[in-house]
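Hi everyone, thanks for making time. I'd like to walk you through a structure that may be new to you, so let's put it on the screen.

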Amino acid sequence: KYFSNGATSQSSSINPLDLEGQLLYVNDSLVPSNKQILLTEIDTVTNEPVVTDRLAPAIRVHLDNPNETYWQDLFFNKEGEPELSNQNNFADYFRGLYFKAEAMDVNGSLMQLNFTSAEANITLYYTSEIPILGSDTETIQEAGTFTLNFSGNLVNLFNNNFITIPVGDAINGDEKLYLKGGEGSMAIIDLFNGEIEDSNGILSPAFEVLKNTYRKVDENGSFIKESNGNFIMNRLVNEAYLEFFVDQSIVQGNEPNRIYLYDMDNNTPLIDYFLDQSVSNLTINAKINHLEPLVRVDDDPNGEGIKYKIRITEHINNLIIRDSTNVKLGLVVTSNVGAIAPFNLLDENDIIVPSGTILSPKGTVLFGNNTTNEDKKVKLTIYYTEPDN
């Protein structure tokens, strides 16, 4: 389960002041970087810096030492005391570190910190007096290090400032679809849920109309099946896709490049996801046939978003040819189209979303099927081939 709002119960939350103790480091202009960290030493011959180690991208800082005795008093002066006698006492004595981050501007930055890495730690540098062998009074100074790894409980607290989201209409659909990662929001796509009126004014379930339109029938009006159980088609589906247009009057930039559509009933990707062989070392370029990246104005990477296109050709074929269940589809933003493992969100609906959605800080607003803007209304488009006879 994932809880990130600092709540200790339904009615109370953690006081932020209770989390803050001794201030050990502050930086008003820290910007995440993907560059390696170079450690250097001065060559005693050339007096020039020489690279001695190359570290993976990280936050590497010198913590302050208040009064020049803070770390000495915190750990070394407790030698022989109950605080250091066992792990439980130490965990109760030293509660850990609290990292607090705030945006420097309206955009902010995001970096993922792996505190479980062996390289993630606090390193204490110290000197100690070591007796000289054979002398009762003389000592030498010996340097050493002591490492504290980030083990135990890790807790993340997030402050989310949401816009007001109207209550959704599960029957008629909505004017707008609100998508956001993290502790966010999603949309549910219920294809063929409505009714279609024919030329005689008779209403029929949309899903039945779809099957009647594409499946071949015999003289008795019954669908004709092949020996393998698949239905024989009256029309062949060549391509089917959904288009979602961005409402820039609300979004105001910084949109996610990708959105993801999945089977909510079984918490799995659609068949089109698995059949899409477009892969890349960069997730922004993976699965682009099924889940097209956001189309932006003038194809500018920082331009305003126009629309997302999601191909569901084989999903539609499964419904028509193989009589698959017409499941509800979840629509979410994602930071990684490869992060599709289901992640359970404990709410009144016990919703399950892909893990890539939890990791995404971004959001967007799309026009739904119930908008008055016909040009931006979400539509399912099907291209088909029909025999001349």
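Let's begin with a salt bridge between the side chains of Lys211 and Glu208, where N and O are 3.2 Å apart. This is a predicted model, by the way, so please keep that in mind throughout. Both residues sit in helix α4, three residues apart, which is about one turn of the helix. Are the two partners buried or exposed? Lys211 counts as buried, at 10% relative accessibility, while Glu208, at 34%, counts as partly exposed.

Now look at Arg215, which forms a salt bridge with Asp323, with 3.1 Å between the closest N and O atoms. Arg215 is in the loop between α4 and β9, and Asp323 is in the loop between α7 and β14, so this pair ties together parts that are 108 residues apart in sequence. Arg215 is buried, at 3% relative accessibility, whereas Asp323 is partly exposed at 43%. Asp323 comes just after α7 and takes a positive phi of about 55°.

That brings us to α7 itself, residues 313-321. Eight of its nine residues are buried, so the helix is largely enclosed by the rest of the structure. What covers those buried residues? The cover includes α4, β9, α6, β13, β14 and β18.

One of the buried residues of α7 is Ile316, and Ile316 is also among the residues with the most contacts inside the largest nonpolar core, which has 48 residues. Ile312 is on that list too. Leaving out residues up to four places away in sequence, Ile312 touches Leu191, Tyr241, Leu261 and His290, among others. There is also a second, separate core of nine residues, including Leu24 and Phe94.

Back to charges for a moment: the structure holds 13 salt bridges. One of them joins the side chains of Asp247 and Lys176, at 3.5 Å from N to O. Asp247 lies in the loop between β9 and α5 and Lys176 in strand β5, so here the parts tied together are 71 residues apart in sequence. Asp247 is buried, with a relative accessible area of 5%, and Lys176 is buried as well, at 17%. Glu175 joins these two in a network of salt bridges.

Finally, how many cavities of 30 Å³ or more does a search of the whole structure find? Just one, with a volume of about 40 Å³. Its lining residues include Tyr260, Asn267 and Pro354, and the lining divides into seven nonpolar, two polar and no charged residues.

Thanks for listening!

Conventions
Residues are numbered from 1 along each chain as its sequence is written. This is a predicted model: local features need pLDDT of at least 70, side-chain atom pairs count only at pLDDT 80 or more; totals for chains, interfaces and linings use all residues. Side-chain values use heavy atoms; hydrogens and water are left out. A nonpolar core is a set of buried Ala, Val, Leu, Ile, Met, Phe, Trp, Tyr and Cys residues joined through side-chain atoms within 4.5 Å. Buried means under 20% relative accessible area, exposed over 50%, partly exposed in between (1.4 Å probe, protein chains only). Contact means heavy atoms within 4.5 Å. Helices (H or I, at least four residues) and strands (E, at least two) are DSSP runs, numbered from the N terminus. On a 1 Å grid over the protein atoms alone, a cavity is a set of points where a 1.4 Å probe fits but cannot get out, and a pocket is an open set with protein on both sides within 12 Å along at least five of seven lines; lining residues have an atom within 4 Å of a point. Grid points are joined across faces, edges and corners, and a volume is the space filled by probe spheres set on the points. Ala, Val, Leu, Ile, Met, Phe, Trp, Tyr, Cys and Pro count as nonpolar, Asp, Glu, Lys and Arg as charged, and the others, Gly among them, as polar. A salt bridge is a side-chain nitrogen of Lys or Arg within 4 Å of a carboxyl oxygen of Asp or Glu.
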